[in-house]
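Below is a walk through one chain, from its overall make-up to its helices and its core. Keep the sequence and the model side by side while reading.

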Amino acid sequence: EAMPTGTLATALTILTVVVVAPHPDVLTSPGPLHRLASLHWGTWPAVIVSSLIFGQIHNEPWYLLGLVGIGVVLALVYEATGSVLACWVTHMVHNGVSLGMMLLTDPATTETIPIATTDVIISAGSLVFVVLLFVYLFRAHRPTRTMESPDQG
């Protein structure tokens with residue numbers, strides 16, 4: 001929609017979109033909702049349910065598929081780390097990259113702009129960053145296996 005103009009408006013937009021907005025999202029979908037669904041139905045049904053709800057709570061029909069995709073990534077980050085904080089950071093990175101790319105490429109406007117090549121590039125760039133962050137989190141928090149010596153009896 002309308003991009004911010006001016007330093008204060010841009011700073012407030014960054015604060016809102018990058019830091020504040022992801023907080024209630026992760027407290028709902030990949031947080032307690034995912035945990036509850038996982039306990040009752042297992043991991044993959046929980047990933048599907050929490051991702052669909054994540055997409056729906058944003059109420060953006062044009063971006064539903066992308067939002068569900070980010071919901072899947074957040075659910076997988078939660079599964080890999082068990083941390084809502086990791087989901088929040090992942091969501092912040094996604095929003096920060098997306099907003100940064102929009103601020104750098106889209107002129108300020110109050111009109112709704114149809115999906116363009118820039119939108120696809122922004123989405124792809126954001127997805128790459130989120131996937132790389134997920135891979136890092138998964139590797140950093142994966143339990144290490146130790147070799148136990150056989151019993152000598």
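The expected span of a helix is 1.5 Å times one less than its number of residues. Helix H4, residues 64-81, can be held against that rule: its 18 residues reach 25 Å from the first C-alpha to the last, close to the 26 Å expected. Just after H4, Gly82 takes a positive phi of about 70 degrees.

The model is a predicted one. Its secondary structure consists of six helices and zero strands, so the pattern along the sequence reads α-α-α-α-α-α, with helices taken as DSSP runs numbered from the N terminus. Of the 153 residues in the chain, 29% are buried. The accessible surface comes to about 10,100 Å², and carbon and sulfur atoms account for 67% of this area. Among contacts between residues at least 6 apart in sequence, 66% join residues at least 24 apart.

At the start of the helix series, the axes of H1 and helix H2 (residues 22-41) come within 6 Å and cross at roughly 15 degrees. Angles under 35 degrees count as roughly parallel, and therefore H1 is roughly parallel to H2. The residues that meet are Thr16, Val17, Val18, Val19 and Val20 on the H1 side, with Pro22, His23 and Pro24 on the H2 side.

Leu15 also belongs to H1, which covers residues 7-20. Is Leu15 buried, partly exposed or exposed? Its relative accessible area is 44%, and because this value lies between the 20% and 50% limits, Leu15 counts as partly exposed. Leu15 and Gly96 are 81 residues apart in sequence, yet their C-alpha atoms are 9.5 Å apart in space.

Back in H4, the buried residues are Leu67, Val68, Ile70, Gly71, Val73, Leu74, Ala75, Val77, Tyr78, Ala80 and Thr81. Several of these return in the largest nonpolar core, whose ten residues are Val26, Phe54, Leu67, Ile70, Val73, Leu74, Val77, Tyr78, Ala86 and Cys87. Which elements give two or more residues to this core? They are H4 and helix H5 (84-105). H4 supplies the largest share, six residues.

Ile70 shows how one member of this core is placed. Leaving aside neighbours within four places in sequence, Ile70 is in contact with Phe54 and His94. Phe54 is itself listed in the core.

Conventions: Residues are numbered from 1 along each chain as its sequence is written. This is a predicted model: local features need pLDDT of at least 70, side-chain atom pairs count only at pLDDT 80 or more; totals for chains, interfaces and linings use all residues. Side-chain values use heavy atoms; hydrogens and water are left out. Helices (H or I, at least four residues) and strands (E, at least two) are DSSP runs, numbered from the N terminus. Buried means under 20% relative accessible area, exposed over 50%, partly exposed in between (1.4 Å probe, protein chains only). A nonpolar core is a set of buried Ala, Val, Leu, Ile, Met, Phe, Trp, Tyr and Cys residues joined through side-chain atoms within 4.5 Å. Contact means heavy atoms within 4.5 Å. Accessible areas come from the Shrake-Rupley method with a 1.4 Å probe; for residues, only the protein chains shown count as cover. Axes are lines fitted to C-alpha atoms, for helices over the stretch in contact, and angles run from 0 to 180 degrees between N-to-C directions. Angles under 35 degrees count as roughly parallel, over 145 as roughly antiparallel, 65 to 115 as roughly perpendicular and the rest as oblique.
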